[in-house]
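Work through the exercises below with the sequence and the structure open beside you. Try each task before reading its solution.

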Amino acid sequence: PNDKDIREVTMRSLLWSLVYCLLLAEIGVTAILVIPVPRSWRNGICRKVSKLDLKKRLQLPLTFLVVALALIFLDSVNYLVLLRNIQEDDERYGSYRTPQDAHYIRHLDKEKQYKTQRNLYLTLFALTLLFAIGRITDLMQEHADLEEDLERLRQSKLPAVDSSTGEETKNGDPTEIEMKPMPSKKKD
């Protein structure tokens, strides 16, 4: 192997190590987001984090990360197609190798194909988890906002209105307030 091949293999290995570390970090973040904690803690954390406005601050780096993962995925697909083309050419035209060399080369080609497929799946999982984390955080924020609105309604002691008759409920009990789905928020 020449120096260019060694550098290419080293860069690919480094790239896949970074994708693997990113995937582990995403799994950790997802685990933290879905760990059951008391509602008051989760709502408090959501309110404090939402004040930081992280979504707007991290929009550019996250967009870069999605684009990079998509390019890495396409590189894996391209490399996988290249490996299959090489294997088909070897089968179709034969090679000038001894049977022992052919067996060894075929084994190495299968190993490369396996690693490329593994990397393809790692990239897809990383992309999927990135979108899942975004959706989980959106849902948590909406839930915290709804809890805050409900608490505000309970504190206001305003008489509740029955949606079917349009009349006030007896004693103005705020627990009898009908909850309607919120319209979806438009993303910036």
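The exercises go from the whole chain to single residues.

**Exercise 1. Confidence**

Task: State how confident the predictor is in the protein chain, and find which helix has the lowest and which the highest confidence.

Solution. Step 1: this is a predicted model, and the mean pLDDT of the protein chain is 80. Step 2: 77% of the residues reach 70 or more. Step 3: confidence is lowest in helix H2 (residues 39–51), with a mean of 81, and highest in helix H4 (residues 59–93), with 87. Step 4: where pLDDT is low, the predicted coordinates should not be read in detail.

**Exercise 2. Overall make-up**

Task: Describe the secondary structure, the burial and the contacts of the protein chain.

Solution. Step 1: the count is 5 helices and 0 strands, and along the sequence the pattern reads α-α-α-α-α. Step 2: of the 188 residues in the protein chain, 20% are buried. Step 3: the exposed area is about 14700 Å², and 63% of it is supplied by carbon and sulfur atoms. Step 4: take the contacts between residues at least 6 apart in sequence; 75% of these join residues at least 24 apart.

**Exercise 3. Helix spans**

Task: Check the end-to-end spans of H2 and H4 against the value expected at 1.5 Å a residue.

Solution. Step 1: H2 has 13 residues, and the rule is 1.5 Å times one less than that number, so the expected span is 18 Å. Step 2: the end C-alpha atoms of H2 are 18 Å apart, which agrees. Step 3: H4 has 35 residues, with an expected 51 Å. Step 4: from first C-alpha to last, H4 reaches 51 Å, close to expectation. Step 5: just after H2, Asp53 has a positive phi of about 55°.

**Exercise 4. Burial in two helices and two cysteines**

Task: List the buried residues of H2 and H4, then decide whether Cys21 and Cys46 are buried or partly exposed.

Solution. Step 1: in H2 the buried residues are Arg42, Asn43, Gly44 and Cys46. Step 2: in H4 they are Leu69, Ile72, Ser76, Tyr79, Leu80, Leu83 and Gln87. Step 3: Cys46 has 8% relative accessibility, so Cys46 is buried, as the cut-off is under 20%. Step 4: Cys21 has a relative accessible area of 47%, so Cys21 is partly exposed. Step 5: the structure holds 0 disulfides.

**Exercise 5. The nonpolar cores**

Task: Which residues make up the largest nonpolar core, and which helix supplies the largest share?

Solution. Step 1: the 10 residues of this core are Trp16, Val19, Leu23, Leu69, Ile72, Leu122, Ala126, Leu127, Leu129 and Leu130. Step 2: helix H1 (3–34), H4 and H5 each supply at least two of them. Step 3: H5 gives the largest share, 5 residues. Step 4: there is also a second, separate core of 5 residues, including Cys46, Ile133, Met140 and Ala144.

**Exercise 6. Thr123, Ala126 and Leu24**

Task: Place Thr123 in the structure, find what Thr123 and Ala126 touch beyond four places away in sequence, and compare the sequence and space separations of Leu24 and Ala126.

Solution. Step 1: Thr123 lies in helix H5 (residues 99–156) and is buried, because its relative accessibility is 0%. Step 2: Thr123 touches Trp16, Val19, Leu69, Ile72 and Phe73, leaving out residues up to four places away in sequence. Step 3: with the same exclusion, Ala126 touches Leu22, Leu23, Glu26 and Leu69. Step 4: Leu24 belongs to helix H1 and counts as partly exposed at 43% relative accessibility. Step 5: Leu24 and Ala126 are 102 residues apart in sequence, while their C-alpha atoms are 8.8 Å apart in space.

Key
Residues are numbered from 1 along each chain as its sequence is written. This is a predicted model: local features need pLDDT of at least 70, side-chain atom pairs count only at pLDDT 80 or more; totals for chains, interfaces and linings use all residues. Side-chain values use heavy atoms; hydrogens and water are left out. pLDDT is the predictor's confidence in each residue, from 0 to 100. Helices (H or I, at least four residues) and strands (E, at least two) are DSSP runs, numbered from the N terminus. Buried means under 20% relative accessible area, exposed over 50%, partly exposed in between (1.4 Å probe, protein chains only). Contact means heavy atoms within 4.5 Å. Accessible areas come from the Shrake-Rupley method with a 1.4 Å probe; for residues, only the protein chains shown count as cover. A nonpolar core is a set of buried Ala, Val, Leu, Ile, Met, Phe, Trp, Tyr and Cys residues joined through side-chain atoms within 4.5 Å. A disulfide is a pair of cysteine sulfur atoms within 2.5 Å.
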